[in-house]
Amino acid sequence: MIATLRYRDAVAAIRFLRDAFGFRELLVVPGADETVAHAELTHGSGMVMVSSITDGGDGRTPFEAGPAWLYVIVDDVQAHYDRAVAGGAEIVSEPKKEEYGGSSYTAADPEGNQWTFGSYRPEGW
């Protein structure tokens with residue numbers, strides 16, 4: 001499964017996801033007027049697709065921006081948290097131990113999507 005997010009300012013969102021959260025740009029297809037038609041960003045073995053919102057006039061399915069809530073597995077929660085703070089992320093919840101195992105924290109991106117970064121890996125993952 002690959003999550004797909006639409007942003008009002010996808011160019012800024014991609015920059016934020018890269019700088020604050022450590023995503024890597026695999027592919028970015030520019031759209032008209034400094035928009036993003038399609039982008040693929042990876043983090044570890046996961047991926048998220050990102051594009052600009054559209055009213056459908058560009059041939060893409062109309063869809064507004066978030067909000068969404070995503071979980072991303074990281075090896076070192078504290079180091080990731082420190083990077084997010086340095087990158088200007090709004091911290092929603094501080095790093096904490098989870099009752100089901102591992103630890104996590106949650107941050108918001110500039111358009112209000114919630115990102116939980118944690119060390120918990122479901123069995124078989």
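A residue counts as buried when its relative accessible area is under 20%. With that cut-off in hand, here are three exercises on this predicted model.

**Exercise 1.** Find the helix that holds His-80, and decide whether His-80 is buried or exposed.

*Solution.* Start with the location: His-80 sits in helix 2, which spans residues 77-86. Next, take its relative accessible area, which is 8%. That value is under the 20% cut-off, so His-80 is buried. Finally, look at its surroundings: leaving out residues up to four places away in sequence, His-80 touches Phe-21, His-43, Val-74, Tyr-105 and Phe-117.

**Exercise 2.** Phe-21 belongs to the contact of helix 1 with helix 2, so let's work out how these helices pack and which residues meet.

*Solution.* First the geometry: helix 1 (residues 10-21) packs on helix 2 at an angle of about 135 degrees, and the axes are 7 Å apart. This angle makes helix 1 oblique to helix 2. Now the residues: helix 1 contributes Arg-18, Asp-19, Ala-20 and Phe-21, while helix 2 brings His-80, Arg-83 and Ala-84. Sorting the residues of this contact gives three nonpolar, one polar and three charged.

**Exercise 3.** Which residues of helix 1 are buried, and where do they lie around the axis?

*Solution.* List them: Ala-10, Ala-13, Ile-14, Phe-16, Leu-17, Ala-20 and Phe-21 are the buried residues of helix 1. Around the axis they cover an arc of only 165 degrees, so they lie on the same side of helix 1. The spacing rule helps here: an α-helix has 3.6 residues a turn, so residues three or four places apart point the same way. To finish, step past the end of the helix: Gly-22 follows helix 1 and has a positive phi, near 85 degrees.

Note on methods: Residues are numbered from 1 along each chain as its sequence is written. This is a predicted model: local features need pLDDT of at least 70, side-chain atom pairs count only at pLDDT 80 or more; totals for chains, interfaces and linings use all residues. Side-chain values use heavy atoms; hydrogens and water are left out. Helices (H or I, at least four residues) and strands (E, at least two) are DSSP runs, numbered from the N terminus. Buried means under 20% relative accessible area, exposed over 50%, partly exposed in between (1.4 Å probe, protein chains only). Contact means heavy atoms within 4.5 Å. Axes are lines fitted to C-alpha atoms, for helices over the stretch in contact, and angles run from 0 to 180 degrees between N-to-C directions. Angles under 35 degrees count as roughly parallel, over 145 as roughly antiparallel, 65 to 115 as roughly perpendicular and the rest as oblique. Ala, Val, Leu, Ile, Met, Phe, Trp, Tyr, Cys and Pro count as nonpolar, Asp, Glu, Lys and Arg as charged, and the others, Gly among them, as polar. The arc is that of the directions from the helix axis to the C-beta atoms.
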